[in-house]
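This report describes selected structural features of one protein model. The sequence and the three-dimensional structure are shown first, and the description follows.

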Amino acid sequence: STGSSSAPPASSPRGRLLVILGDGCSNDLPATVSVLDQEQRTISLDWDGSAAEAGLPPSARMASVCGPLYDAAREVLETIRPALGRAEGADVHDDDDDDEIGSDDNDEEEAAASRRRTRKRKHPSTPCAIHFVGRSLAGGVGALAATMLDGILPLEGADRYDDDDDDDESESEGARKSLGGLCRGRTSAFALGPPPCLSNNIKADFVKSVIHGDDAICRTTRESIDRLCRRTRRAMRGNPLGAKLGWMSNAVSLTVSGVKAHAKGKKGGEKHLSVPGMVYLVRPRRYEGSSIHEVSSSQGAIKVRSAVLWQLNDVLLSKSLWTHHSLDAYVRGLNRVQLRSLKAA
């Protein structure tokens, strides 16, 4: 649901919209997991078939998303559509101009060109900036909505935004197809504890995601849940002592599998969901505040730490897997972060 949104005065063609999102499952672990325990959806990135004709690899022609969050993001965009129209001056319509065009010039092409110039003057090419903020599932929805507005993630069943759409006789129908890519370079998102909802072949640096400690939601996909179930069944076999040793071997096996995956290199990034955008991990410390690390970088050392040491792709059961997901935990963790440049001071 959309928490709030504010639009600039109609007299200003540009402005900034802040969209605060919330969801009813953010404090309900079973409900949150049930949303994420769904088959991922494949989205085609090849708008016009040119990528396939050029022989580009699948990573350049398709992406994967979390289906329920993708659908929710589309609903959010439809909800804020009126605010986008007001911010761009889209509600302004001058019937006199159209009448003048029709009476002074009977040539259809010249009339269409004149209408296009008039509408482009009323619809500025640079739209307002859109910023999404959310936590948990709502954070993932905001991140997906931002990528849709930027145009790097397509809106299924809709065309990419194009100024020439204004040539259509039915302006309202054309506008229905123009949200994808409408705010290219002028949209962003900030997400606290978002789930993996976008394949890692989509690079969206305008999205900032924060993971706090052992937050399980940031590591939950259908694949990771299935792996957790298999590990749990293995650990439950045998006597209690064997179960305890099983949990220890489970942590070791996760580390070993992370090393192997990093050594081989992970292919098929378009098939694996990850936390969207630039991802930062806040690691709470018992005595010296918290530390923060970027874990979405492609640099070797950072990839090793995120895949092997911090095990961001698997749910490792701990006492804090749910408590670290609370809003209070995120606020405390971020408040205790000590930046290196500030430690000396």
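Arginine 81 and glutamate 78 form a salt bridge whose closest N and O atoms are 2.8 Å apart; a salt bridge is a side-chain nitrogen of Lys or Arg within 4 Å of a carboxyl oxygen of Asp or Glu. The model is predicted: local features need pLDDT of at least 70, side-chain atom pairs count only at pLDDT 80 or more, and totals for chains, interfaces and linings use all residues. Residues are numbered from 1 along each chain as its sequence is written, and side-chain values use heavy atoms, with hydrogens and water left out.

**Salt bridges**

Both arginine 81 and glutamate 78 belong to helix α3 (residues 67–88), where three residues, about one turn of the helix, separate them. Helices (H or I, at least four residues) and strands (E, at least two) are DSSP runs, numbered from the N terminus. Arginine 81 counts as buried at 13% relative accessibility, and glutamate 78 counts as partly exposed at 34%. In these terms, buried means under 20% relative accessible area, exposed over 50%, and partly exposed in between (1.4 Å probe, protein chains only).

Side chains of opposite charge can pair when their charged atoms come close. Across the whole structure, a search finds six salt bridges. The table lists pairs from this group.

| Pair | Closest N and O atoms | Relative accessibility of Arg | Relative accessibility of acidic partner |
|---|---|---|---|
| Arginine 81 and glutamate 78 | 2.8 Å | Arginine 81: 13% | Glutamate 78: 34% |
| Arginine 222 and glutamate 39 | 3.1 Å | Arginine 222: 28% | Glutamate 39: 57% |
| Arginine 227 and aspartate 314 | 2.6 Å | Arginine 227: 26% | Aspartate 314: 12% |

Arginine 222 forms its salt bridge with glutamate 39. Arginine 222 lies in helix α8 (residues 222–236) and glutamate 39 in the loop between α1 (29–36) and β3 (41–44), so the pair ties together parts that are 183 residues apart in sequence. Arginine 222 is partly exposed, whereas glutamate 39 is exposed. A network of salt bridges links Asp37, Glu39 and Arg222.

The salt bridge of arginine 227 is with aspartate 314. Here arginine 227 is in helix α8 and aspartate 314 in the loop between α10 (300–309) and α11, so this pair ties together parts 87 residues apart in sequence. Arginine 227 counts as partly exposed, while aspartate 314 is buried.

**Helices α8 and α6**

The expected span of a helix is 1.5 Å times one less than its number of residues. For the 15 residues of α8 this gives 21 Å, in agreement with the 21 Å between its end C-alpha atoms. Within α8, Ser224, Ile225, Leu228, Arg231 and Ala235 are buried. Seen down the axis of α8, its buried residues fall within an arc of 125 degrees, so they line one face of the helix; the arc is that of the directions from the helix axis to the C-beta atoms.

Helix α6 (137–150) has 14 residues, for which a span of 20 Å is expected, and its end C-alpha atoms are 20 Å apart, which agrees. In α6, 14 of the 14 residues are buried, so the helix is largely enclosed by the rest of the structure. Glycine 151, with a positive phi near 100 degrees, follows α6.

Serine 136 lies in the loop between β5 and α6. Most residues other than glycine have a negative phi. Serine 136 is not a glycine, yet its phi is positive, at about 60 degrees. With 0% relative accessibility, serine 136 counts as buried.

**Strand β6 and helix α11**

Five of the six residues of strand β6 (residues 187–192) are buried, so the strand is largely enclosed by the rest of the structure. Two strands pair if DSSP finds at least two bridges between them. Strand β5 (residues 129–135) pairs with β6 in the parallel sense over six bridges, and valine 133 stands opposite phenylalanine 190 in β6. Strand β8 (residues 207–212) also pairs with β6 in the parallel sense, over four bridges; valine 210 in β8 is the bridge partner of leucine 192.

In helix α11 (residues 327–335), the buried residues are Ala329, Tyr330 and Gly333. They cover an arc of only 100 degrees around the axis, which puts them on the same side of α11. Asp328, Arg332 and Asn335 are exposed on the other side of α11. The buried residues of α11 pack against β6, β8, β10 (278–284) and β11 (290–294), where contact means heavy atoms within 4.5 Å.
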